[in-house]
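Q: Please take a close look at the side-chain contacts here. I would like one connected account, starting with the charged pairs and then moving to the packing.

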Amino acid sequence: MAQKSKAISDDLYEQAKKGLKEVGRDGEAGRRLQAIISAKRHGITAVSKIYSITRATLMSWIRNFEKESLQGLIIKPGRGRKSKMNDAIREDARAIIKSNPN
């Protein structure tokens, strides 16, 4: 049996449970809250294997939740690959699609 996580206090655990009720189980924030709650019960290593993430990622979620509450778990804009299309090309593409959606 895995060891209970000491990185998650009882207070943080209760906040995560309340946050999960607010947000629901759907979406990325709900998934991350479920991971935090599970890590308190089953340990960080076991949960990170189940969620296919690294221990560092789970610890990052825990720290972000401690600092910023639910806002720390939401994916912020600006992440991911930047588009190679500039605004002029994007507008041209929209015009073409609008004129002939097929």
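A: Three words describe how open a residue is: buried is under 20% relative accessible area, exposed is over 50%, and partly exposed is in between (1.4 Å probe, protein chains only). The model is predicted, so local features need pLDDT of at least 70 and side-chain atom pairs count only at pLDDT 80 or more, while totals for chains, interfaces and linings use all residues. Numbering runs from 1 along each chain as its sequence is written, and side-chain values use heavy atoms, leaving out hydrogens and water.

Start with the charges. A salt bridge here is a side-chain nitrogen of Lys or Arg within 4 Å of a carboxyl oxygen of Asp or Glu. That rule gives a count of five.

Take Asp10 and Lys40. Their closest N and O atoms are 3.3 Å apart, in a salt bridge. Asp10 lies in helix 1 and Lys40 in helix 2, so this pair ties together parts that are 30 residues apart in sequence. (Helices are DSSP runs of H or I, at least four residues, numbered from the N terminus.) The two partners sit in contrasting surroundings. Asp10 is exposed, at 54% relative accessible area. Lys40 is buried, at 15%.

Helix 5 holds two more pairs. Asp87 and Arg90 form a salt bridge, 3.0 Å from N to O. Both belong to helix 5 (residues 87-99), three residues apart, or about one turn of the helix. Asp87 is exposed at 57% relative accessibility, and Arg90 is partly exposed at 25%. Glu91 bridges to Arg94, with the closest N and O atoms 2.8 Å apart. This pair is also in helix 5, again with a spacing of three residues, about one turn. Glu91 counts as partly exposed, at 45% relative accessibility.

Now the network. Salt bridges link Glu28, Arg31 and Arg32. Arg32 lies in helix 2. Its relative accessible area is 14%, so Arg32 is buried. Leaving aside residues up to four places away in sequence, Arg32 touches Trp61, Leu73 and Ile75 (contact means heavy atoms within 4.5 Å).

Next comes the packing. In soluble globular proteins, nonpolar side chains tend to be buried together. A nonpolar core is a set of buried Ala, Val, Leu, Ile, Met, Phe, Trp, Tyr and Cys residues joined through side-chain atoms within 4.5 Å. The largest one in this model has 21 residues, and Ile36, Leu58 and Phe65 touch the most other members. Helix 1 (10-23), helix 2 (27-42), helix 3 (44-50) and helix 4 (55-68) are the elements that give two or more residues to this core. Helix 2 gives the most, with six residues.

Look at Leu58 in particular. Not counting residues up to four places away in sequence, Leu58 touches Ala35, Ile36, Ala39, Ile44, Val47, Ser48 and Ile53.

Finish with the crossing of helix 1 and helix 4. Their axes come within 11 Å and cross at roughly 85 degrees. (Axes are lines fitted to C-alpha atoms, for helices over the stretch in contact, and angles run from 0 to 180 degrees between N-to-C directions.) The two helices are therefore roughly perpendicular, a label for angles of 65 to 115 degrees. Leu12, Gln15 and Ala16 of helix 1 meet Ile62, Phe65 and Glu66 of helix 4. These contact residues divide into four nonpolar, one polar and one charged. (Nonpolar covers Ala, Val, Leu, Ile, Met, Phe, Trp, Tyr, Cys and Pro; charged covers Asp, Glu, Lys and Arg; the others, Gly among them, are polar.)

Notes: Parallel < 35°, antiparallel > 145°, perpendicular 65-115°, else oblique.
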